[in-house]
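Please open the structure in your viewer and keep the selection panel at hand. The tour below goes from the whole chain to individual side chains, with a selection to make at each stop.

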Amino acid sequence: RRLEGVERGLEEGRREMVDQEKKLRMVETQKEETSKLLQKALHQSQNKVQVATNQLSVVEKDRSDGFARIEESQRRVQELELRMEEERKRAMEAMHGRIAAFHEFEKRYNEQDTLDKIICA
């Protein structure tokens with residue numbers, strides 16, 4: 001009877017050991033699957049970070065190029081404003097010169113007209 005009890009205990013121990021091994025394999029399988037999923041998620045995240053970094057680089061370059069274009073445009077505007085001011089001054093000088101020439105002409109004409117009247121009178 002003792003032998004039967006020992007054999008039963010041994011058999012139950014074997015069954016329990018087989019059950020534990022099955023559970024261990026299941027846990028290991030789940031662990032592998034979870035590890036694979038986490039690795040895949042990590043790679044996807046790294047790819048997304050790389051894409052975002054590349055996009056950021058493009059945006060920063062566009063921004064830098066935009067600032068350079070703005071600065072160049074501002075420089076051209078200042079240059080044009082300076083030219084316009086110089087041209088305005090030249091035009092004013094020319095106009096003042098013409099007015100002065102007209103006044104001189106008018107003065108001579110009036111002097112000549114006065115002389116003509118004196119001579120004719």
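What follows is a walk through a predicted model, beginning with the overall form and ending at a patch on the surface.

**The whole chain**

Select the protein chain in a cartoon representation, where you will find one helix and zero strands. The radius of gyration of the chain is 51 Å, whereas the globule rule gives 14 Å for 121 residues, so the chain is more spread out than a compact globule. If you align the view with the principal axes, the C-alpha atoms fill a box of roughly 175 × 15 × 10 Å. Colour next by relative accessibility: buried residues account for 1% of the 121 residues, and the chain exposes about 11800 Å², of which 57% is supplied by carbon and sulfur atoms. A colouring by charge will bring up 25 positive and 26 negative charges, whose mean positions lie 8 Å apart.

**A distance along the helix**

Select Val 77, which lies in helix H1, and then add Leu 56, which is 21 residues away along the chain; a distance drawn between their two C-alpha atoms should read 31 Å. Is Val 77 buried or exposed? It falls between the two classes, since its relative accessible area of 44% makes Val 77 partly exposed.

**Salt bridges one turn apart**

How many salt bridges does a search of the whole structure find? The search returns 10, and the next three stops show some of them in turn.

Begin with Lys 61 and Asp 65, whose side chains meet in a salt bridge with an N to O distance of 3.0 Å. The two residues are four apart in helix H1, so about one helical turn separates Lys 61 from Asp 65. Lys 61 counts as exposed at 52% relative accessibility, whereas Asp 65, at 28%, counts as partly exposed.

Move on to Arg 75 and Glu 79, which form a salt bridge whose closest N and O atoms are 3.0 Å apart. Here too the partners are four residues apart in helix H1, with about one helical turn between Arg 75 and Glu 79. Both ends of this bridge are partly exposed, Arg 75 with a relative accessible area of 39% and Glu 79 with one of 33%. Now widen the selection to Glu 72, Arg 75, Arg 76, Glu 79 and Arg 83, and you will have a network of residues linked by salt bridges.

For the third stop, select Glu 104 and Arg 108, which are joined by a salt bridge with 3.1 Å between the closest N and O atoms. Both residues lie in helix H1, four residues apart, or about one turn of the helix. Glu 104 is partly exposed, with a relative accessible area of 36%, while Arg 108 counts as exposed at 56% relative accessibility.

**A nonpolar patch**

Finally, show the molecular surface and select Met 92, Met 95 and Ile 99, the residues that make a nonpolar surface patch of about 240 Å². Met 95 lies in helix H1, which runs over residues 2-120. Why can Met 95 be part of such a patch? Patch residues need over 30% relative accessible area, and Met 95 is partly exposed at 39%, so it passes that cut-off.

Terms used. Residues are numbered from 1 along each chain as its sequence is written. This is a predicted model: local features need pLDDT of at least 70, side-chain atom pairs count only at pLDDT 80 or more; totals for chains, interfaces and linings use all residues. Side-chain values use heavy atoms; hydrogens and water are left out. Patches are made of residues with over 30% relative accessible area and no salt bridge: like charges are joined within 9 Å, nonpolar side chains (Val, Leu, Ile, Met, Phe, Trp, Tyr) within 5 Å. Accessible areas come from the Shrake-Rupley method with a 1.4 Å probe; for residues, only the protein chains shown count as cover. A salt bridge is a side-chain nitrogen of Lys or Arg within 4 Å of a carboxyl oxygen of Asp or Glu. Buried means under 20% relative accessible area, exposed over 50%, partly exposed in between (1.4 Å probe, protein chains only). The radius of gyration is taken over C-alpha atoms; the globule rule is 2.2 Å times the number of residues to the power 0.38. Lys and Arg count as positive and Asp and Glu as negative; His and the chain ends are not counted. The place of a charge is taken as NZ of Lys, CZ of Arg, CG of Asp or CD of Glu.
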